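Colleague: I am new to this structure and would like to learn how to read it feature by feature. Could we look at it together and begin with a single side chain?

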Amino acid sequence: SLSILPRPGFRLGADTPVLVRLDGTGVELLRRLYHREDAVDPRAEAPRFEVPFRAATPGARIDAEVTFYICKAARCRPVVTRYGTSL
């Protein structure tokens with residue numbers, strides 16, 4: 001699973017888009033694009049996405065590019081972050 005957890009004092013924009021783009025090597029991803037509404041609870045303070053995959057080979061890797069809006073008080077700004085993990 002993949003969760004977006006803002007730092008203390010910040011929050012995700014409630015009505016702003018969230019995009020999760022996935023890529024991988026040595027693994028078969030069942031989906032490569034997720035939107036906020038695909039989260040287990042789309043309105044959660046820290047939305048969590050279940051990311052099913054198959055056929056992981058030794059040294060397999062999943063990379064994610066996550067786009068969201070982070071807010072503090074009434075100000076929000078877009079953020080693009082990348083994360084990768086070996087399986």
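Modeller: In this predicted model, the side chain of Thr-16 comes to 2.9 Å from the backbone oxygen of Gly-13.

Colleague: Where along the chain is Thr-16 placed, and which residues further away in sequence does Thr-16 touch?

Modeller: Thr-16 sits in the loop that leads from β2 (11-12) to β3 (19-25). Once residues up to four places away in sequence are set aside, Thr-16 touches Arg-36 and Tyr-69.

Colleague: Before we go further into details, how many helices and strands does the protein chain have?

Modeller: The protein chain has 0 helices and 9 strands, and from the N terminus on its elements therefore read β-β-β-β-β-β-β-β-β. Along the principal axes, the C-alpha atoms fill a box of roughly 45 × 20 × 15 Å. Among contacts with a separation of 6 or more, 57% are made by residues 24 or more positions apart.

Colleague: How should I read the pairing of strands, and how many bridges join β3 to β8?

Modeller: It helps to take a pair of strands, look up the sense in which they run, and then find residues that stand opposite each other. β3 and β8 run antiparallel and are joined by 7 bridges, and Thr-25 has Arg-61 in β8 as its bridge partner. β2 also pairs with β8 in the antiparallel sense, over 2 bridges, with Leu-12 opposite Ile-70.

Colleague: How many bridges join β8 to β9, and which residue in β9 is the partner of Tyr-69?

Modeller: There are 12 bridges between β8 and β9, and these strands are antiparallel. The partner of Tyr-69 is Pro-78, while Phe-68 is bridged to Val-79 in β9.

Colleague: Does β9 lie largely in the open or largely buried?

Modeller: For such a question one counts the buried residues, where buried means under 20% relative accessible area. Strand β9 (residues 75-86) has 12 residues and the number buried is 1, so this strand lies largely in the open. For the protein chain as a whole, 32% of the 87 residues count as buried. The exposed surface of the chain is about 5,800 Å², and carbon and sulfur atoms supply 53% of it.

Colleague: What is the general idea behind a nonpolar core, and which residues of the largest one touch the most other members?

Modeller: In soluble globular proteins, nonpolar side chains tend to be buried together. Here the largest nonpolar core holds 19 residues, and those touching the most other members are Leu-2, Ile-4, Val-20, Leu-22, Phe-49, Val-66 and Phe-68. At least two residues of this core come from each of β3 and β8, and β8 gives the largest share, 5 residues. Phe-49 is worth selecting in the viewer: beyond its neighbours within four places in sequence, its contacts include Leu-2, Ile-4, Val-20, Tyr-34 and His-35.

Colleague: Which residues does the disulfide join, and is Cys-71 buried or exposed?

Modeller: A search of the whole structure finds 1 disulfide, and this link joins Cys-71 to Cys-76 with an S to S distance of 2.0 Å. The link is right-handed, with 105° about the S-S bond. Cys-71 is buried, because its relative accessible area is 1%, whereas Cys-76 counts as partly exposed at 41%.

Colleague: What is there to notice about the phi of Ala-73?

Modeller: The general idea is that most residues other than glycine have a negative phi. Ala-73 is not a glycine, and yet its phi is positive, about 60°. Ala-73 belongs to the hairpin of β8 and β9, which has 2 residues between the strands, and it is exposed because its relative accessible area is 63%.

Colleague: As a last case, where is Glu-45, and is Glu-45 buried or exposed?

Modeller: Glu-45 is in the loop between β5 (33-35) and β6 (48-49), and with a relative accessible area of 73% it is exposed. An exposed residue can still have contacts, and for Glu-45, leaving aside neighbours within four places in sequence, these are with Ile-4, Pro-6 and Leu-12. One can also compare sequence with space: Glu-45 and Arg-75 are 30 residues apart in sequence, and their C-alpha atoms are 17 Å apart.

Definitions and conventions:
Residues are numbered from 1 along each chain as its sequence is written. This is a predicted model: local features need pLDDT of at least 70, side-chain atom pairs count only at pLDDT 80 or more; totals for chains, interfaces and linings use all residues. Side-chain values use heavy atoms; hydrogens and water are left out. Helices (H or I, at least four residues) and strands (E, at least two) are DSSP runs, numbered from the N terminus. A polar contact is a pair of N or O atoms within 3.5 Å; within protein, one must be able to donate a hydrogen and the other to accept it, and residues adjacent in sequence count only if both atoms are side-chain atoms. Contact means heavy atoms within 4.5 Å. A nonpolar core is a set of buried Ala, Val, Leu, Ile, Met, Phe, Trp, Tyr and Cys residues joined through side-chain atoms within 4.5 Å. Buried means under 20% relative accessible area, exposed over 50%, partly exposed in between (1.4 Å probe, protein chains only). Two strands pair if DSSP finds at least two bridges between them. A disulfide is a pair of cysteine sulfur atoms within 2.5 Å. Accessible areas come from the Shrake-Rupley method with a 1.4 Å probe; for residues, only the protein chains shown count as cover.
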